[in-house]
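Please look over the sequence and the model shown below before reading on. The paragraphs that follow walk through the helix packing, the overall build and a few individual residues.

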Amino acid sequence: MNLIHANKEEFIRIYQENIKRDGESALLEYLKNSDFFTAPASTRFHMAIEGGLCRHSINVYNRLVMLVTAEYGADWKSKISAETVAICGLLHDVCKIDMYTTELRNVKKPDGTWEKIPYYAIDEKLPYGHGEKSVYIINGFIRLTREEAIAINWHMGSFDDRVKGGNYSIASAFARYPIAVLLHMADLSASYLDEEHSSSCS
Ligand SMILES: [Fe+2]
Ligand SMILES: [Fe+2]
């Protein structure tokens, strides 16, 4: 079994074990019919490889489980639902579906000849932002709780364009919803500690 297939099976197992809400099967079908399981997680920053988006989503879920365990103890499921943790971890980056294209660029080889090398580029067909776009897509299939919507909306933390533009709503979100803080930390940990990256998180 190749890695992309193994990651897809792992994702679906975690999804089906934890997400039971109305609309979950339609959402999973949407993911299967999209490029979710083959897309990269970024153009060049982290997991810029085929299947990177799925692997990153599992990595964030695993990091989020570690963080809620550290925060609430081994019986964390009595404080926060396992379904919420799975939804936040596995689905926070569905905004990246159908966003990456493969282009070719000419690269000069040591012998002076030129070679066409493929690279990932962005072709944003649904320009709805980042976290807010994931919330919009997921809500088309299942009804997110308030804390799930807030956590996914602000999962980029201070990397979010709205925050960089001076919006302070994220402070209220983090103060009111601990899962929002933990999801951002999980995204950071997965991107920088678990995955190969170059210089930024995207
Ligand atoms: Fe993201
Ligand atoms: Fe992410």
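**Helix packing and its surroundings**

Helices α4 and α6 pack with their axes 10 Å apart and at an angle of about 25°. An angle under 35 degrees counts as roughly parallel, and α4 and α6 are therefore roughly parallel to each other. The handedness of their crossing, in which α4 passes α6, is right-handed. On the α4 side the contact is made by T84, I87, C88 and L91, and on the α6 side by E147, E148, A151 and I152. Sorted by character, the residues of this contact of α4 with α6 comprise 5 nonpolar, 1 polar and 2 charged. As with everything described here, these values are computed from a predicted model.

Helix α6 itself, which spans residues 146–153, is mostly covered, since 6 of its 8 residues are buried. Those buried residues are E148, A149, I150, A151, I152 and N153, and three of them, E148, A151 and I152, also belong to the contact with α4. What covers the buried residues of α6 includes not just α4 but also α5 (131–139), α8 and α9 (178–194).

Helix α4, which covers residues 82–91, has a further partner in helix α1 (residues 3–18), and these two pack with their axes 9 Å apart at an angle of about 145°. In this pair α1 passes α4 in a left-handed crossing. The residues that make the contact are F11, I14, Y15 and N18 from α1, together with A82, E83, A86 and L90 from α4. By character, the residues of the contact of α1 with α4 divide into 6 nonpolar, 1 polar and 1 charged.

Stepping back to the whole chain, the protein has 9 helices and 2 strands, and from the N terminus on its elements run α-α-α-α-β-β-α-α-α-α-α. The radius of gyration is 18 Å, close to the 17 Å that the globule rule gives for 202 residues, so the protein is as compact as a globular protein of that length. Taken along the principal axes, the C-alpha atoms fill a box of roughly 65 × 45 × 30 Å. Buried residues make up 38% of the 202 residues, and among contacts between residues at least 6 apart in sequence, 67% join residues at least 24 apart.

One residue to locate in this picture is R176, which lies in helix α8 (residues 169–176). R176 counts as exposed because it has 11 C-beta neighbours inside 10 Å. Although R176 and I150 are 26 residues apart along the chain, their C-alpha atoms are separated by 9.6 Å, and I150 is one of the buried residues of α6.

Two loop residues deserve a look at their backbone angles. Most residues other than glycine have a negative phi. In M47, however, phi is near 50°, a positive value in a residue other than glycine. M47 is found in the loop between α2 (24–33) and α3 (52–72), and M47 counts as buried because it has 23 C-beta neighbours inside 10 Å. The phi of D98 is likewise positive, near 55°, and D98 is again a residue other than glycine. D98 lies in the loop between α4 and β1 (100–108), and, with 15 other C-beta atoms within 10 Å, D98 is partly exposed.

Terms used:
Residues numbered from 1 in each chain as written. Chains lettered and ligands numbered in written order. Predicted model: local features only at pLDDT ≥ 70, side-chain atom pairs only at ≥ 80, totals over all residues. Helix = DSSP H or I, 4+ residues; strand = E, 2+ residues; numbered from the N terminus. Rg over C-alpha atoms; globule rule 2.2 N^0.38 Å. Buried ≥ 20, exposed ≤ 12 C-beta atoms within 10 Å, placed from the backbone. Contact = placed C-beta atoms within 7 Å. Axes fitted to C-alpha atoms, helices over the stretch in contact; angles between N-to-C directions. Left-handed = near helix turned anticlockwise from the far one by under 90°. Nonpolar A, V, L, I, M, F, W, Y, C, P; charged D, E, K, R; others polar. Parallel < 35°, antiparallel > 145°, perpendicular 65-115°, else oblique.
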